[in-house]
Amino acid sequence: LARLVQLAGFSYNMADLQRTPAELLKAFPSLWVYTLKNMDHDTQRKLADYVRAGGKLVLYPRLPSHDLRDQKDETLAEALGVSLAGEIPGNKYIWGEEECWVEGPIQVFQSANGHKPLMPVEGPARGAAVLQKTVGQGQVLLIGMGLPHLFDHYRDWVRSWAESLGLKPRV
């Protein structure tokens, strides 16, 4: 994702989320966070607070659901008001009439209110593979699949998602 962000014309800095105090994270207009199933409780809480305070948070490619001891911990999902509706096995996302190769499986998200499905999913796991939502004063964008940087349409997806959050490319 970092390469796609760069190819889409956005520059970025990096921060250690576990060590950076919450107050310093507020200086970042957006946080693009690579997340897997496991994330410690304090970092989940810190990211939730960041969004509610007006930050723009992008999570990719998994929604954390367990802490680092592999105990169920859905602090971040609950704070964002989102849930996992299911997973699509394999590595194909159907975009209109086009089959797009992604790094799967694809997580499908649901939200009770205030969300916009940017990449909807039909079928048994109804919801969105990419979902944008307002939370408090901020916004969250959940991307439920890995993206290679092989084709231009991935760069275009990233640019459109960033622009939907109000971010502007610098290059």
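Trp 101 is partly exposed, with a relative accessible area of 35%. The model in which this residue is seen is a predicted one. Trp 101 belongs to strand E5, which covers residues 98–101. On the surface, Trp 101 joins Leu 150 and Phe 151 in a nonpolar patch, and the three together have about 320 Å² of accessible area.

Phe 151, another member of this patch, is located in the loop between E9 and H5. Its relative accessible area is 45%, so Phe 151 counts as partly exposed, a class that lies between the limits of 20% and 50%. In sequence, Phe 151 is 147 residues away from Leu 4, yet in space the C-alpha atoms of Phe 151 and Leu 4 are 9.9 Å apart.

From the surface, the description now turns to the interior. The largest nonpolar core has 29 residues, and among these Met 145, Leu 147 and Trp 161 touch the most other members. Several elements give two or more residues to this core: helix H1 (2–7) and helix H5 (152–164), together with the strands E2 (56–61), E6 (106–111), E7 (115–121), E8 (127–135) and E9 (138–143). Helix H5 supplies the largest share of the core, namely five residues.

Leu 147 shows how parts of the chain that are distant in sequence come into contact. When its neighbours within four places in sequence are left aside, Leu 147 is in contact with Leu 4, Tyr 60, Val 102 and Glu 103, and also with Tyr 154, Trp 157, Val 158 and Trp 161. Apart from the largest core there is a second, separate core of 22 residues, whose members include Met 39, Leu 57, Leu 76 and Leu 131.

Charged side chains form a further part of the picture. Across the whole structure, a search finds eight salt bridges. One of them links Lys 72 to Glu 74, with 3.6 Å between the closest N and O atoms. Lys 72 counts as exposed because its relative accessibility of 62% is over the 50% limit. Glu 74, by contrast, has a relative accessible area of 29% and is partly exposed.

Helix H5, already met as a contributor to the largest core, also carries salt bridges. Arg 155 and Asp 152 both lie in this helix, three residues apart, which is about one turn of the helix. They form a salt bridge whose closest N and O atoms are 3.6 Å apart. Arg 155 is partly exposed, at 26% relative accessibility, whereas Asp 152 is exposed, at 52%. The side chain of Arg 155 also meets that of Asp 156 in a salt bridge, at 3.0 Å from N to O. With a relative accessibility of 36%, Asp 156 counts as partly exposed. Through shared partners, these salt bridges join Asp 152, Arg 155 and Asp 156 into one network.

Finally, the confidence of the prediction should be considered. The protein chain has a mean pLDDT of 90, and 99% of its residues reach 70 or more. Confidence is lowest in strand E4 (residues 92–95), where the mean is 75. The highest value, 97, is found in helix H4 (residues 75–80).

Note on methods
Residues numbered from 1 in each chain as written. Predicted model: local features only at pLDDT ≥ 70, side-chain atom pairs only at ≥ 80, totals over all residues. Heavy atoms only, no water. Patch = residues over 30% accessible without salt bridge, like charges linked within 9 Å, V, L, I, M, F, W, Y side chains within 5 Å. Areas by Shrake-Rupley, 256 points an atom, 1.4 Å probe, with all protein chains shown as cover. Salt bridge = Lys/Arg side-chain N within 4 Å of Asp/Glu carboxyl O. Helix = DSSP H or I, 4+ residues; strand = E, 2+ residues; numbered from the N terminus. Buried < 20%, exposed > 50% of the residue type's maximum accessible area, 1.4 Å probe, protein only. Core = buried A, V, L, I, M, F, W, Y, C linked by side-chain atoms within 4.5 Å. Contact = heavy atoms within 4.5 Å. pLDDT = per-residue confidence, 0-100.
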